[in-house]
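Good morning, everyone, and thank you for making the time. I would like to walk you through one structure that is probably new to most of you, going from the overall fold down to a few individual residues.

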Amino acid sequence: HNEVEKSLLLVFFLISDQHLANLLVIKKTAAKSRIAGIGECGFDFKSNLLDLNSVAFQRQGAVFMQQVELAKQLQLPLVLHLRARNHEETSLLHTTTANLLVQAGCSKAQKVHLHCFTGLPSDLANWRKHFPSTYIGLSDKMGESRTAILQNWDISLFLLETDSPYLTPEVVRRYAQDRKLEAPPNSPFFLDFNLRKLAAFAPGVPERILARAQQANFRALYQ
């Protein structure tokens with residue numbers, strides 16, 4: 001592995017509203033060693049109503065703005081986690097809330113990684129309009145809400161993800177279930193399954209071409 005590939009194993013810092021001190025730690029770490037990105041960061045309202053006036057939203061927004069500022073200072077990609085209870089609320093985070101906050105804190109040159117993207121084609125178009133260096137992360141759930149994206153996709157935009165230890169590939173879970181075994185946690189070892197699933201949305205494109213494309217995309221984003 002080259003140095004870029006090694007660094008990708010160490011780039012992600014989960015920063016919550018309970019761990020603002022981590023921002024200072026990351027700043028100090030960045031001065032001594034290579035950090036390739038800031039994230040996951042953003043908003044998570046999977047279990048709660050997305051209320052823009054709620055204390056929870058204001059708290060998450062305040063932390064997010066500090067993370068955006070950190071990415072700007074360090075000139076690093078933002079890895080965005082944007083999740084809500086349904087597609088409509090998730091789309092709201094993409095098209096207004098998070099997007100406007102990043103616009104307020106960063107230039108158009110800011111690199112963005114939409115982790116485990118669950119938005120609509122219009123959501124991706126909005127990110128690309130304001131931040132041309134936007135990439136979408138695709139996990140095992142890529143076919144559920146992103147079918148329209150994958151049917152009209154650009155090979156230069158995608159990043160394969162596992163989200164380990166979560167989102168164990170369906171084929172692995174079925175294999176374990178059929179044998180009455182507990183499904184294993186997800187890991188980078190299972191990334192090939194996601195590649196094969198992605199290939200189903202790109203008939204005529206060999207898996208090796210998709211694999212090379214996603215490697216090139218990761219290097220372009222995290223160079």
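I will begin with the chain as a whole, then turn to the sheet and its helices, and finish with some local details.

Please keep in mind throughout that what you see is a predicted model. The chain has 223 residues, of which 43% are buried, and its secondary structure comes to 10 helices and 5 strands. If we take the contacts between residues at least 6 apart in sequence, 67% of them join residues that are at least 24 apart.

Let me now move to the sheet. In what order do the 5 strands lie in the sheet? They form an open sheet in the order S1-S2-S3-S4-S5, and the pairing is parallel. Strand S1, residues 38–45, and S5 stand at the edges with a single partner strand each, so that one side of each has no neighbour in the sheet. On average, and ignoring direction, neighbouring strands here are turned by 25° against each other. As a general reminder, the strands of a sheet pair through backbone hydrogen bonds, in either a parallel or an antiparallel arrangement.

Looking at individual pairs, S1 and S2 run parallel and are joined by 7 bridges, and within that pairing Gly39 has Val79 in S2 as its bridge partner. Further along, strand S3, residues 112–114, pairs with strand S4, residues 134–138, in the parallel sense over 3 bridges, with Val112 standing opposite Thr134 in S4.

One might ask why S1, an edge strand, is described as largely enclosed by the rest of the structure. The reason is that 6 of its 8 residues are buried, so the strand is largely enclosed even though one of its sides is left without a neighbour in the sheet.

Helices also lie across the strands. Helix H3, residues 55–74, lies across S1 and strand S2, residues 78–84, and runs at about 160° to S1. Helix H9, residues 191–199, lies across S4 and S5, running at about 140° to S5. In helix H5, residues 121–130, the residues Asp123, Leu124, Asn126 and Trp127 are buried. Because these residues cover an arc of only 155° around the axis, they are on the same side of H5.

I would next like to point out some backbone features, and it helps to recall that most residues other than glycine have a negative phi, and that most peptide bonds are trans. Where, then, do we find cis peptide bonds in this model? A cis bond joins Gly39 and Glu40, with omega about -5°, and Glu40 lies in strand S1. Another cis bond runs from Ser164 to Pro165, with omega near 10°, and Pro165 is found in the loop between S5 and H8.

As for positive phi values, Gln75, in the loop between H3 and S2, has a phi near 55°, and at 72% relative accessibility this residue counts as exposed. Leu167 also has a positive phi, of about 55°, although it is not a glycine; this residue lies in the loop between S5 and H8 and, at 24% relative accessibility, counts as partly exposed.

Staying with that loop, let us look at Thr168, which is found between strand S5, residues 158–160, and helix H8, residues 170–178. Is Thr168 buried or exposed? With a relative accessible area of 9%, and the limit for buried being under 20%, Thr168 is buried. The side chain of Thr168 reaches the backbone oxygen of Pro184 at 2.8 Å. Leaving aside neighbours within four places in sequence, Thr168 is in contact with Asp140, Arg173, Pro184, Pro185 and Asn186.

Finally, a word on the cysteines. How many disulfides are there? The count comes to 0. For Cys106, the nearest cysteine sulfur is that of Cys41, which is 9.7 Å away, whereas a disulfide would need the sulfur atoms within 2.5 Å. Cys106 counts as buried at 9% relative accessibility, and Cys116 is buried as well, with a relative accessible area of 13%.

Note on methods
Residues numbered from 1 in each chain as written. Predicted model: local features only at pLDDT ≥ 70, side-chain atom pairs only at ≥ 80, totals over all residues. Heavy atoms only, no water. Helix = DSSP H or I, 4+ residues; strand = E, 2+ residues; numbered from the N terminus. Buried < 20%, exposed > 50% of the residue type's maximum accessible area, 1.4 Å probe, protein only. Polar contact = N/O pair within 3.5 Å; in protein donor to acceptor, adjacent residues only side chain to side chain. Contact = heavy atoms within 4.5 Å. Pairing = 2+ DSSP bridges. Axes fitted to C-alpha atoms, helices over the stretch in contact; angles between N-to-C directions. Arc of directions from axis to C-beta.
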